[in-house]
Amino acid sequence: HFEVVAGKVIDADGQQHRFALVRDGQAGSAVTLRQALAAAGVTAATPATVLCDGDAGLWRLQREVLPGATPVLDWWHAAVRFEHAIRAGRRLEAPLTNRAERDLERAKWRLWHGRWAGCRAKLTALLRWTRREDVVEAAESDRLQRHVTDLLGYLERNEGALVPYAARRRRGLPISTAFVESAVNEIVAKRMNKSQQMRWSRT
């Protein structure tokens with residue numbers, strides 16, 4: 001078993017360069033990533049924005065290879081965690097479910113508009129609320145508490161990569177790593193498509 005890191009570099013003219021590497025430790029991965037970026041004309045001095053799903057190892061790679069880049073946490077991964085928490089909140093009995101869903105939607109709205117401090121305050125208050133005696137006794141409250149804790153921790157770990165997503169989207173700037181999914185499919189398909197009779201060797 002091994003882990004593959006896949007990415008796509010898109011330059012100012014829209015030219016796309018795909019790359020993939022096996023993560024084999026920080027030093028080896030950094031060298032391979034630096035080579036892949038160099039092939040696309042990117043150096044440590046190139047102004048860049050790096051979108052990532054929040055993996056700590058990938059952020060370390062980014063800081064080593066592109067220390068001056070602007071990090072952006074992928075919106076989709078944050079939104080999915082909000083959705084998990086909202087679904088957990090809907091499993092509570094009324095009126096508890098109304099409070100949970102309302103606070104989570106408000107926190108998500110704040111994050112979308114770049115108001116991280118307000119988002120964190122709302123989630124922290126909600127977490128305190130889930131620990132109240134009347135809430136703790138409610139069915140499914142532990143599930144909600146677990147999801148809100150996970151969401152808050154995820155956002156706090158990636159605090160430096162939180163941006164005003166709404167403003168970026170209005171300017172036509174990327175807020176999601178969805179464009180990388182096509183690169184993953186292309187890289188895998190090119191090597192594994194039956195018509196090409198190709199497979200990866202152990203090396």
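Reader: In this predicted model, is Glu-140 buried, partly exposed or exposed?

Author: The model is a predicted one. Glu-140 is found in the loop between α6 and α7. Residues under 20% relative accessible area count as buried and those over 50% as exposed. The relative accessible area of Glu-140 is 27%, so this residue is partly exposed.

Reader: What is notable about the phi of Glu-140, and near what value does it lie?

Author: Most residues other than glycine have a negative phi. Glu-140 is a residue other than glycine, yet its phi is positive. The value of phi at Glu-140 is near 75 degrees.

Reader: Which residue in the loop between α3 and α4 ties to Glu-140, and how many residues apart in sequence are the parts it joins?

Author: The side chains of Arg-91 and Glu-140 meet in a salt bridge, with N to O at 3.4 Å. Arg-91 lies in the loop between α3 and α4 (96–112), while Glu-140 lies in the loop between α6 (133–136) and α7 (141–157), so the pair ties together parts of the chain. Arg-91 is partly exposed, at a relative accessible area of 45%. The residue is Arg-91, and the parts it joins to those of Glu-140 are 49 residues apart in sequence.

Reader: With which arginine does Glu-140 form a salt bridge whose closest N and O atoms are 3.0 Å apart?

Author: Side chains of opposite charge can pair when their charged atoms come close. The partner sought here is partly exposed, with 29% relative accessibility. The salt bridge of Glu-140 with closest N and O atoms 3.0 Å apart is formed with Arg-143.

Reader: How are Arg-87 and Glu-83 placed relative to each other in their helix, and what is the N to O distance of their salt bridge?

Author: Both residues lie in helix α3 (residues 75–90), four residues apart, about one turn of the helix. Arg-87 counts as exposed at 52% relative accessibility, whereas Glu-83 is partly exposed at 25%. Their side chains meet in a salt bridge with an N to O distance of 3.5 Å.

Reader: Which residues are linked with Glu-83 and Arg-87 in a network of salt bridges?

Author: The count of salt bridges in the model comes to 10. The pair Arg-87 and Glu-83 is one of these bridges, and both residues belong to a network. The others linked in that network are Arg-90 and Glu-101.

Reader: Which element gives the largest share of the largest nonpolar core?

Author: The largest nonpolar core holds 53 residues, of which Phe-82, Leu-104, Leu-111, Leu-123, Leu-155 and Tyr-165 touch the most other members. The largest share of this core is seven residues, and the element that provides them is α3.

Reader: Which residues does Leu-155 touch, not counting residues up to four places away in sequence?

Author: Leu-155 is among the core residues that touch the most other members. Its contacts, with residues up to four places away in sequence left out, include Phe-82, Leu-111 and Leu-123, which are also listed among those core residues. The full set is Leu-73, Ala-78, Phe-82, Leu-111, Trp-116, Cys-119, Leu-123 and Leu-162.

Reader: How do strands β1 and β2 run, and how many bridges join them?

Author: β1 and β2 form a hairpin with five residues between them, and Gly-14 in the turn has a positive phi of about 90 degrees. Within the pairing, Ala-6 has Ala-20 in β2 as its bridge partner. Strand β1 (residues 4–10) and strand β2 (residues 16–22) run antiparallel, and the number of bridges that join them is seven.

Reader: Is Gln-62 buried or exposed?

Author: Gln-62 is found in helix α2 (residues 56–65). Not counting residues up to four places away in sequence, Gln-62 touches Val-50, Pro-67, Ala-69 and Pro-71. Its relative accessibility is 7%, which is under the 20% limit, so Gln-62 counts as buried.

Reader: Which peptide bond is cis, with omega near 0 degrees?

Author: Most peptide bonds are trans. The proline of the cis bond, Pro-95, has its place in the loop between α3 and α4. The bond with omega near 0 degrees runs from Ala-94 to Pro-95.

Note on methods
Residues are numbered from 1 along each chain as its sequence is written. This is a predicted model: local features need pLDDT of at least 70, side-chain atom pairs count only at pLDDT 80 or more; totals for chains, interfaces and linings use all residues. Side-chain values use heavy atoms; hydrogens and water are left out. A salt bridge is a side-chain nitrogen of Lys or Arg within 4 Å of a carboxyl oxygen of Asp or Glu. Helices (H or I, at least four residues) and strands (E, at least two) are DSSP runs, numbered from the N terminus. Buried means under 20% relative accessible area, exposed over 50%, partly exposed in between (1.4 Å probe, protein chains only). A nonpolar core is a set of buried Ala, Val, Leu, Ile, Met, Phe, Trp, Tyr and Cys residues joined through side-chain atoms within 4.5 Å. Contact means heavy atoms within 4.5 Å. Two strands pair if DSSP finds at least two bridges between them.
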